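User: I'm new to this one and would like a walk through it. Could you take me from the overall picture down to single residues?

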Amino acid sequence: MRHLVLSVLAVLFILGNVSQGKADIPHVINYQGRLTDNTGVPVDTTISITFSIHSDTSAVSSVIWTEAHPAVTVSGGLFTILLGSVTPIPNSVFDGSIRGLGMQIGSGPVSDSLIPIVSIAYAYRAGYADTAGYAFAAPGGSGGSGWIDDGNVVRLEKDSDSVGIGTASPSAKLNVVGDVVITNNITVGNSHTNTGNNSSIGGGTLNTITGDWAVIGGGNGNEANQIYATISGGSANRASGTSATISGGTNNIVDGLAATVGGGMNNYAISPYSTVAGGNADTASGYYSAVIGGFNNRAGFGIYDTAAFIGGGVNNRASAPYASVIGGKGNSATFSGGVVAGGENNEAGSNCFVGGGSGNTAYGDNSVVLGGSYNDAGNAGSVVIGGISNSVDQSYNTIVGGSNNNTAAVFCVIMGGAGNVIPPDVFYSVLIGINGSLTKDSTFMVDMPHIRFGNETTGYEFPSGDGSSGQFLSTDGSGQLSWTSPGNNNNWSLVNDVLYTNDYWGLSRGQAGNIFYGSNANSMVNLGTSCVTGTNGFNFSYATVSGGNENGAQGELATVGGGQGNYAIGYGSVISGGFGDSTNGAYATISGGIYNRAMLDESFVGGGRSNMARDFNTVVVGGKADTAYGQYSAVVGGHNNIAGSLYDTAAFVGGGENNKATSSFATVGGGTGNNTTGNRSVIGGGRNNTVSSTYGVIAGGNTNSVSGASSVVCGGGVNNVFNSNAGIVSGWDNAVSGYRGFIGAGAWNRANNDYNVVGGGSHNTTSAIYGVIGGGQENSNSGQFAVIPGGFRDTLTANASHAMAFGNSVYLNNSYRVAFFDGANSGRLGLNRDDHDGGVSYPVHVGTNSFNGNGAHLTNGGVWTNASSREFKENFQPVDGQDMLERINNLSMESWEYKGTGERHIWPCAEDFHEQFDIGAQNDNSARDTKYLAAGDVAGVALVGVKALYQKTKKIEELEARIAQLEAMVEMLVAQKQAAPTDNLVLGMNTRDK
């Protein structure tokens, strides 16, 4: 028997952390050896080998582990074994000492020469790795204060241990000195859910983030469900609006864009930019509305109750744009601009003010109740200073105090007392008294028994007695009054119940403090109080003040219909009423409102507040703080809108808030924060949209931009068109930079060159002229005149002009190529075939009948296979093989090249082929197509020829057999002749004896 000798080729040890339960590396040793016979020749065999590990490399008896492999395959002398695959190697085997490896071949002895088990060079780095040995050798080690890996969790062994990064003396469980960079989400605390991108939870427990870039600082059970949402702390708070903020508190909800709740509990900020600073059960519902604190207060009842405000208190309501309740209980400001300062159960209407008290109401436009109880300022410009149960039922009346006073007149005053009444149709009168009633215009009435002027010793009493009918009070110039009979007066005439002046005199209400300027005062009419007609130093005519207080018609032909503090200064200008309005341009008009201005000729303000028609023929229909700058420009309504700049013509803003159309013929239909600066550009509506180019259009949406001439964004958000004659239909954050480019919809798409088109999808980019991407995601088209219909991460490079790609990760770097799918993400192409027609079963699969392909296909192996089943065919006709052979023989066969290609082929010409055989497809004129050949026809002709040749071959073989037979007979006869007398043999004839 020959002896086997083991020689070592290589030993590779794969050792890792051998802590119990560690599963991050295989705990086996790969051993490779070489086995020869005693002459050194490698052997091929199957044999038993037993391996052992020894604690002493020089002592075979020091066995600490053994493992038998009964059937080891040896090929060419080589074999490989995984030590530890049969008997696990205990953790205690490798403690840092050098171990020896022993082997026993078959039943032989263990080799005396043990192989030392040592590490490789870079295994020395394991001393710095997070291994069990290093953890035991670390400061505080020897079995404690080290890292433990239980297979699922890596932790410090002792609860008292700390981790320091950048410091040797950590002052907390984890102490980091230096910068910390954490990519994507941060989650600190217990039982949190954080599924947003780049979102952070700073602490607490049971907090949830589902919005991107959202933050929860801490607390319990808080939810940040929208992008950029922030919750600083508290419990059970929910931030569901984009950029919403909750600073703390409990059970607070923010649903509005950029809305805020500062703290408190059960508070709700519904609308964009609304704020609840604190309190309990408070709600901010309108744009820019706010509740500072208190309980169960509500600012706004809908998103269009802009800038409603409640300072605090209980059960207060500010339910209209710009309405405010400062505090108190149960107060309500229910119309635009109304204010209740405090008190209880007070109500304020449009631009009205209630200073305090209880149960007071101010519902007339610009009316005021300063305090008291159950007072009512019920008409425009009316005032109740205080008292109880006073009421004003007509415009511009005042009750100073007292109780149960009522005035239904115009521009009248009740100075207190009790039970006083001024009925309708009384103007410019004052009443002081108790249970008095004043029925005359321009009267100062003290309804008391007597009024005494001066002191009781030297003064005088008024009246000292009753005068006669028709008498009037006159003064003696020293302050004493007496009854006086009137003298003759020829200035007036009464005709048919109409009172006329007897000359072309001006007309004014007596004792009203009115002023006339100019020698043409006789053509003026001034029926108000403290009003002015004409201008000092000028001789204007035909100015008219029809009523009101402190009004001025100071231009020629100017008119003020009424109101207070209105001034019509321009020639022929008109102010119908209102408060604080002024017209400076000729024929300018203001219909009413507060603090409106019509600055230049033929300008118009319909009403509203603080509006300005600043240039010739400009119009502001209503609203607040709107301005029409350029000639023929107009603002229909809204708040803080601007149409035109100084030299812009016919700019237009339809309404909304903070909109600007500051170029000639530019238009903003409505919305908020829109701005168009291009000539003849249009923004239909939406929010924060910008057009800066001529003929640019944005139909609506949010934060869209058009800077290219004649370009369009129909809607969506953050879409941008930078070049001319381009467009975006909708979507989010799409951008067109090329001339006449287009993006249909989707998000984050880019059309960066001229005539580029992106139909939709997301993150698609075209960057070469006439490039097209139909849709899909993350596709890139840099080829000129190239197309990506859709798909995912398809790429056409700058070298791939006039190319097309479709599928998943298709890549083309050459021109004039079409690729559907690729090797890694292969697909199938159906032509005139879909899942209704049997499905697409091959890489290329066509048709379902004789008109569109009969299922011809390209196989998975790359072979084009035509449909040829008998069930697809009809009109079978026999073929004459011999005739076909003649025709094949007549067919001209040459080698040739396609023009301009250099390709050389052998193939019949179509004209020759069709002339000989009259087979093939038909063209659109139902005639034989003589320019093209089907490979199947050529092959069929060849097969018919082969069959005919086969038949000829069979006949030839039969003839050859007969010839061979005849030759044999001839040979036999020749042999017979040679062997027999010749005189009796005649070849080729029958003979007989004669």
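Analyst: What follows goes from the whole chain to its sheets, cores and pocket, and then to two loop residues, and please keep in mind that this is a predicted model.

User: OK, how many helices and strands are there in the protein chain?

Analyst: The protein chain has four helices and 98 strands. Of its 994 residues, 35% count as buried, and among the contacts with a separation of 6 or more, those between residues 24 or more positions apart account for 9%.

User: Let's start near the beginning of the chain. In what order do the strands of the sheet with strand 4 and strand 7 run?

Analyst: That sheet is open and has four strands in the order 4-3-6-7, with antiparallel pairing. Its edges are strand 4, residues 63-74, and strand 7, residues 115-117, each of which pairs on one side only. On average, neighbouring strands of this sheet are turned by 30 degrees against each other, if direction is ignored.

User: And what holds strands together in a sheet, generally?

Analyst: Strands in a sheet pair through backbone hydrogen bonds, and the pairing can be parallel or antiparallel.

User: How many bridges does strand 3 make to strand 4, and how many to strand 6?

Analyst: Strand 3 is joined to strand 4 by nine bridges, with the two running antiparallel, and Thr 50 stands opposite Ala 68 of strand 4. Towards strand 6, which covers residues 99-105, strand 3 (residues 45-54) has six bridges, again in an antiparallel arrangement. On that side Phe 51 stands opposite Met 103.

User: Is strand 3 mostly covered or mostly open?

Analyst: Strand 3 is mostly covered, since seven of its 10 residues are buried.

User: What about the sheet that contains strand 95, what is its pairing?

Analyst: It is also an open sheet of four strands, in the order 93-94-95-96, and its pairing is mixed. Strand 93 (829-831) and strand 96 (864-865) are the edge strands, each pairing on one side only. Strand 95, made of residues 857-858, runs antiparallel to strand 96 and is joined to it by two bridges, with Leu 858 standing opposite Trp 864.

User: Switching topic: which residues have the most contacts inside the largest nonpolar core?

Analyst: The largest nonpolar core has 45 residues, and those with the most contacts inside it are Val 721, Val 736, Leu 796 and Leu 812. Leaving aside residues up to four places away in sequence, Leu 812 touches several others, including Leu 796, Ala 800, Met 804 and Arg 817. There is also a second, separate core of 43 residues, which includes Ala 348, Cys 352, Val 384 and Leu 438.

User: How much space lies in the largest pocket, and which helix gives the most to its lining?

Analyst: The largest pocket holds about 1800 Å³ of space. It is lined by 37 residues, of which Lys 873, Ile 919, Gly 920, Gly 936 and Asp 937 are the closest to its centre. Helix 3 (910-917) and helix 4 (935-979) each supply at least two lining residues, and helix 4 gives the most, with eight.

User: Now the single residues. Where is Ser 710?

Analyst: Ser 710 sits in the loop between strand 77 (705-706) and strand 78 (712-713). Its C-alpha atom is 4.4 Å from that of Tyr 695, although the two residues are 15 apart along the chain. Ser 710 touches Thr 694, Tyr 695, Gly 696, Asn 725 and Ala 726, if residues up to four places away in sequence are not counted.

User: Why does Ser 710 count as partly exposed?

Analyst: Ser 710 has a relative accessible area of 32%, and residues count as partly exposed between the cut-offs of 20% and 50%, so Ser 710 belongs to that group.

User: And Thr 195, is that one buried or exposed?

Analyst: Thr 195 counts as exposed, because its relative accessibility is 54% and the cut-off for exposed is over 50%. Thr 195 is found in the loop between strand 13 (193-194) and strand 14 (200-201). Apart from residues up to four places away in sequence, Thr 195 touches Asn 185, Ile 209 and Thr 210. Thr 195 and Asp 212 are 17 residues apart in sequence, with 8.2 Å between their C-alpha atoms.

Notes
Residues numbered from 1 in each chain as written. Predicted model: local features only at pLDDT ≥ 70, side-chain atom pairs only at ≥ 80, totals over all residues. Heavy atoms only, no water. Pairing = 2+ DSSP bridges. Axes fitted to C-alpha atoms, helices over the stretch in contact; angles between N-to-C directions. Core = buried A, V, L, I, M, F, W, Y, C linked by side-chain atoms within 4.5 Å. Buried < 20%, exposed > 50% of the residue type's maximum accessible area, 1.4 Å probe, protein only. Contact = heavy atoms within 4.5 Å. 1 Å grid on protein atoms, 1.4 Å probe; cavity = no way out; pocket = protein on both sides within 12 Å on 5 of 7 lines; lining within 4 Å. Points joined across faces, edges and corners; volume = space filled by probe spheres on them.
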